[in-house]
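Trainee: Got a minute to walk me through this model? I'd like the sheets, the pockets and the helices.
Mentor: Sure, pull it up.

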Amino acid sequence: MRITGMNHAVLYVRDARRHAEFYAEVLGFESVIDGPGGAFAFMRAPESQNHHDIAFFSVGAEAGASEAGRRTVGLYHIAWEVPTLEALEEAQRRLQANGALVGASDHGCNKSLYARDPDGLEFEVMWLVPPQHWGDAESRAIVEPLNLPAERARFAAVGLG
């Protein structure tokens with residue numbers, strides 16, 4: 001078996017239309033397929049080559065909140081990659097403006113923002129540091145505060161700003 005990467009994620013949500021609007025407004029995703037009556041929505045990231053990167057299926061407003069990681073097993077988050085630190089700063093502004101940003105971390109090999117969607121499900125927007133700059137980060141878990149202006153200056157000095 002030869003897996004080449006993750007292609008898409010599918011989430012059960014209270015309201016697929018609401019999630020599609022959020023993903024379009026905040027992350028710039030485009031709608032690919034909208035189900036009848038808001039039953040589902042398939043979306044593609046702005047620079048993706050996939051047919052769709054995420055799909056939402058409505059389960060109704062009465063659905064309870066996810067307890068994954070607190071009381072049940074389940075998915076913690078999915079991560080969306082941006083091509084530059086500048087794009088990560090833009091994502092930070094958009095997430096903050098929409099009240100979705102809940103954290104930011106420097107993981108050494110990637111710089112990450114954490115946010116929540118309309119149902120409180122967490123997702124990550126991250127920039128992957130080029131492998132030649134991973135150093136120690138390649139073999140250990142790092143969680144440090146993220147300083148985006150400092151990271152932009154650091155990587156601009158090596159031609160990656």
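**Strands, pockets and helices**

Mentor: Start with one pair: F40 sits opposite F57 in β4.

Trainee: Before we go on, what kind of model is this, and which pLDDT cut-offs apply?
Mentor: It is a predicted model: local features need pLDDT of at least 70, side-chain atom pairs count only at pLDDT 80 or more, and totals for chains, interfaces and linings use all residues. Residues are numbered from 1 along each chain as its sequence is written, and side-chain values use heavy atoms, with hydrogens and water left out.

Trainee: Back to F40. Which strands pair there, and in what sense?
Mentor: Strand β3 (residues 40-44) and strand β4 (residues 54-58) pair in the antiparallel sense, over four bridges. Strands here are DSSP runs of E, at least two residues, and helices are runs of H or I, at least four, numbered from the N terminus. Two strands pair if DSSP finds at least two bridges between them.

Trainee: What stands opposite A41?
Mentor: F56 in β4. F56 is also the bridge partner of L11. β1 and β4 run parallel, joined by five bridges.

Trainee: What's the strand order in that sheet?
Mentor: β1-β4-β3-β2, four strands in an open sheet with mixed pairing. β1 (9-13) and β2 (30-34) stand at the edges with a single partner strand each, so one side of each has no neighbour in the sheet. Neighbouring strands are turned by 25° against each other on average, direction ignored.

Trainee: How is the five-strand sheet ordered?
Mentor: β5-β8-β7-β6-β9, also open and mixed in pairing. Its edge strands are β5 and β9 (144-145), each pairing on one side only. Strand β6 (residues 101-106) runs antiparallel to β9, with two bridges between them. S105 has P145 in β9 as its bridge partner.

Trainee: Switching to pockets. What volume does the largest one have?
Mentor: About 780 Å³. A pocket is an open set of points on a 1 Å grid over the protein atoms alone, where a 1.4 Å probe fits, with protein on both sides within 12 Å along at least five of seven lines; lining residues have an atom within 4 Å of a point. Grid points are joined across faces, edges and corners, and the volume is the space filled by probe spheres set on the points.

Trainee: Which residues are closest to its centre?
Mentor: F29, A45, W80, E81 and V82, out of 25 lining residues. α1 (16-27), β5 (78-81) and α2 (85-97) each give two or more residues to that lining. By class, the lining has 14 nonpolar, six polar and five charged residues. Nonpolar means Ala, Val, Leu, Ile, Met, Phe, Trp, Tyr, Cys and Pro; charged means Asp, Glu, Lys and Arg; the others, Gly among them, are polar.

Trainee: And what lines the second largest pocket?
Mentor: There are 22 lining residues, with S66, L75, Y76, L121 and E122 nearest the centre. That pocket holds about 470 Å³ of space. β1 and β8 (122-128) each supply at least two lining residues. The largest share, three residues, comes from β1. The split is twelve nonpolar, five polar and five charged.

Trainee: Last topic. At what angle do α2 and α3 cross?
Mentor: Roughly 165°, with the axes of α2 and helix α3 (residues 148-156) coming within 10 Å. Axes are lines fitted to C-alpha atoms, for helices over the stretch in contact, with angles from 0 to 180 degrees between N-to-C directions. So α2 is roughly antiparallel to α3, a label for angles over 145 degrees; under 35 is roughly parallel, 65 to 115 roughly perpendicular and the rest oblique.
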